[in-house]
Amino acid sequence: MAVSGTNPYSSIMRITGLGSSGLDIDSIISQLMKIERVPLDKLTQNRQLALWRQDAYREITSSLKGFKSDFMDMVKPATNMLSQNSYKKFISSVTDSVTGAASMAVSATGTADAIAGTH
């Protein structure tokens, strides 16, 4: 048995407004649909905020991993902050420049391995 080409669900039947009653059906339906979409809009906003937080946490984690690999890696003793070699380059003492006795002033001198410059 052949099925005809008309589909009862494909044709849209609308009543745009009732002229005698003064009701605007289209505006009433659009306002009702706005109210129904409010929870969905809130969920969409919360999802976007969660994605932004996730990206921010990912950036922070990446920065911390980079810092750790650059300055706390035991394989790189030249840049390792935890290595004793990083701190043996400087000598500091508290002495009076006139008498040579202990003083409240601080002077620092670098060893031959120290990098020249102001620190």
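User: What does the protein chain expose, and which atoms supply 62% of it?
Analyst: Welcome! The protein chain exposes about 11,100 Å², and carbon and sulfur atoms supply 62% of that area. Accessible areas come from the Shrake-Rupley method with a 1.4 Å probe, and for residues only the protein chains shown count as cover. This is a predicted model, where local features need pLDDT of at least 70 and side-chain atom pairs count only at pLDDT 80 or more, while totals for chains, interfaces and linings use all residues. Residues are numbered from 1 along each chain as its sequence is written, and side-chain values use heavy atoms, with hydrogens and water left out.

User: What makes the pattern of the protein chain α-β-β?
Analyst: The protein chain has one helix and two strands, and reading along the sequence gives α-β-β. Helices are DSSP runs of H or I with at least four residues, strands are runs of E with at least two, and both are numbered from the N terminus.

User: How do you know what span to expect for α1?
Analyst: The expected span is 1.5 Å times one less than the number of residues in the helix. α1 has 47 residues, and 69 Å is expected; from first C-alpha to last it reaches 68 Å, close to that value.

User: Where in α1 does a kink lie?
Analyst: It lies at Arg37, shortly before the proline Pro39, and amounts to about 40 degrees. The bend at a residue is the angle between axes fitted to the seven residues ending there and the seven starting there.

User: Why is the pairing of Asp55 with Arg58 called a salt bridge?
Analyst: A salt bridge needs a side-chain nitrogen of Lys or Arg within 4 Å of a carboxyl oxygen of Asp or Glu. The closest N and O atoms of Asp55 and Arg58 are 3.5 Å apart, so the pair fits that definition. A search of the whole structure finds one salt bridge. Asp55 and Arg58 are three residues apart in helix α1, which means they are separated by about one helical turn.

User: Why does Met72 count as partly exposed?
Analyst: Buried means under 20% relative accessible area, exposed means over 50%, and partly exposed is in between (1.4 Å probe, protein chains only). Met72 has 33% relative accessibility, so it counts as partly exposed. Met72 is found in the loop between α1 (25-71) and β1 (90-93).

User: Which residues does Thr79 touch, not counting residues up to four places away in sequence?
Analyst: Thr79 touches Asp70 and Phe71, where contact means heavy atoms within 4.5 Å. Thr79 also lies in the loop between α1 and β1.
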